Amino acid sequence: MDRMYGWIDASLYSPKEVLTVHLGSAERAAVRDEAAPKTATIPPILSISGTCDNLVPPEQTHAFFELLGRLRRACGQPVDTDIHVALKGAHHAFHYIPSVRTEAASDAVIAFIEKHRKIALRSRL
């Protein structure tokens, strides 16, 4: 499977194939599956990307969130904790040039982190 910066195009492979790439051989993956807890905690994920991103095409981001939803359901976790924001016309690394869009994206990240930090703190009480 092709890799770029440690990521693969998940839209081209089945979930088992994707996990095998990250876990190693199919045999090692089976051993790890057997030894692993039957549930996992997947943290909430916020993704902000551009609709004109050439490095990570929108289709790949959609495939990632589709796989993430299937994994959450398999672990019995709610699927409504993740957010993907697609910025119309934005390219990869749009946030390197200060703009109103950059400020709004930064505010969204801060709000997302604060929301889930408060939820985590309440769940510990």
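Of the 125 residues in this protein, 22% are buried, a term that here requires under 20% relative accessible area. The structure is a predicted model. Its accessible surface comes to about 9,100 Å², and carbon and sulfur atoms contribute 62% of that area.

The protein contains four helices and two strands. Read from the N terminus, these elements follow the order α-α-β-α-β-α. The chain also brings together residues that are distant in sequence: among contacts with a separation of 6 or more, 57% link residues 24 or more positions apart.

The two strands offer a clear example of such an arrangement. Strand β1 covers residues 46–50 and strand β2 covers residues 83–87; the two run parallel and are joined by five bridges. One of the pairings can be located directly in the structure, where leucine 46 has isoleucine 83 in β2 as its bridge partner. Between the two strands, the chain passes through helix α3, residues 58–74. The resulting β-α-β crossover is right-handed.

Helix α3 itself deserves a closer look. It consists of 17 residues, and the distance from its first C-alpha to its last is 24 Å, close to the 24 Å expected at 1.5 Å a residue. Several of its residues are buried, including the residues Ala63, Phe65, Leu67 and Leu68. Gln60, Thr61, Gly69 and Arg72 in α3 are buried as well. After α3 comes glycine 76, which has a positive phi, near 75 degrees.

Definitions and conventions. Residues are numbered from 1 along each chain as its sequence is written. This is a predicted model: local features need pLDDT of at least 70, side-chain atom pairs count only at pLDDT 80 or more; totals for chains, interfaces and linings use all residues. Side-chain values use heavy atoms; hydrogens and water are left out. Two strands pair if DSSP finds at least two bridges between them. A crossover is right-handed if, with the strands pointing away from the viewer, the path from the first strand over the helix to the second runs clockwise. Buried means under 20% relative accessible area, exposed over 50%, partly exposed in between (1.4 Å probe, protein chains only). Contact means heavy atoms within 4.5 Å. Accessible areas come from the Shrake-Rupley method with a 1.4 Å probe; for residues, only the protein chains shown count as cover. The expected span of a helix is 1.5 Å times one less than its number of residues.
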